[in-house]
Amino acid sequence: MKFSGVNLLDELEKEELAGLRAVFHERSFPKSQVIYAADDEEDAVFIIARGRVRVYLAYEDKEFTLGILSRGDIYSTHAGCYIQAMDDTVLLTTDVQSVKRVMIEVPLFNRTMVRVLGNILNNAFSIIGGLAFKDIYKRLISYILQEAEEHGVPEADGVELTLNLTIEQLAQLMGATRQTVSTLLNDMVRAELMQKRGRGRYLIPDLAALERAAGA
């Protein structure tokens with residue numbers, strides 16, 4: 001689920017962007033640590049240098065994942081969301097004011113930031129729409145279908161998909177319990193919509209059948 005379509009780490013290696021690279025500082029976080037909370041006053045911009053982070057909303061005992069950012073993606077903490085490390089993670093961080101001083105000279109930075117935040121917003125609308133109009137089974141199938149279309153590996157007997165999420169992380173993304181998601185994945189295997197090949201690895205023999213099951 002890469003949001004930017006542009007890897008800023010590669011762009012920052014360019015000589016003309018040396019000024020932008022200089023304002024970022026490297027920070028490391030262990031897996032599962034909440035890096036930023038919704039009520040933090042720090043107004044920061046960061047780029048994922050290694051690992052993945054989860055952007056989510058939380059209220060009482062409920063959490064709703066808005067997006068998962070990976071290497072090269074950029075994000076700003078001003079949106080009032082929680083940010084959690086999904087792996088051992090390294091961020092390049094800076095304050096907003098430092099970014100403002102250089103962003104006029106780096107149009108790519110502005111375009112990428114807008115694209116990432118726009119996709120976060122779009123994903124939030126998709127979550128709201130799914131919660132309002134789809135049951136959890138169809139939401140899960142729709143997600144798997146999207147991942148298969150974007151990241152699946154075509155084979156002679158179907159499409160292989162590796163879900164780089166634990167059951168718990170997938171449940172957080174779906175707004176459901178771990179047990180529910182695990183049961184539904186097993187139901188999909190029994191319905192022959194997927195074949196399990198290993199931990200997080202599935203073969204989807206017929207994408208069209210998956211689309212029909214999702215109501216697409």
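In the predicted model, helix α6 (residues 167-174) and helix α7 (residues 178-190) pack with their axes 8 Å apart and at an angle of about 100°, where axes are lines fitted to C-alpha atoms, for helices over the stretch in contact, and angles run from 0 to 180 degrees between N-to-C directions. Helix α6 is therefore roughly perpendicular to α7, a term that covers angles of 65 to 115 degrees. The contact (heavy atoms within 4.5 Å) is made by I167, E168, L170 and A171 of α6 together with R178, V181, S182 and L185 of α7. Helices (H or I, at least four residues) and strands (E, at least two) are DSSP runs, numbered from the N terminus.

An open sheet of four strands follows the order β2-β7-β4-β5, and its pairing is antiparallel; two strands pair if DSSP finds at least two bridges between them. Strands β2 (34-36) and β5 (62-69) are the edge strands, each pairing on one side only, and the twist from one strand to the next averages 35°. Within this sheet, β4 (residues 53-59) and β7 (residues 82-85) pair in the antiparallel sense over four bridges, and R54 stands opposite Q84 in β7. Helix α6 also packs on the sheet, where α6 touches β4 and β5 and its direction makes about 105° with that of β5.

Residues are numbered from 1 along each chain as its sequence is written. Because the model is predicted, local features need pLDDT of at least 70 and side-chain atom pairs count only at pLDDT 80 or more, whereas totals for chains, interfaces and linings use all residues, and side-chain values use heavy atoms, with hydrogens and water left out.

Conventions:
Angles under 35 degrees count as roughly parallel, over 145 as roughly antiparallel, 65 to 115 as roughly perpendicular and the rest as oblique.
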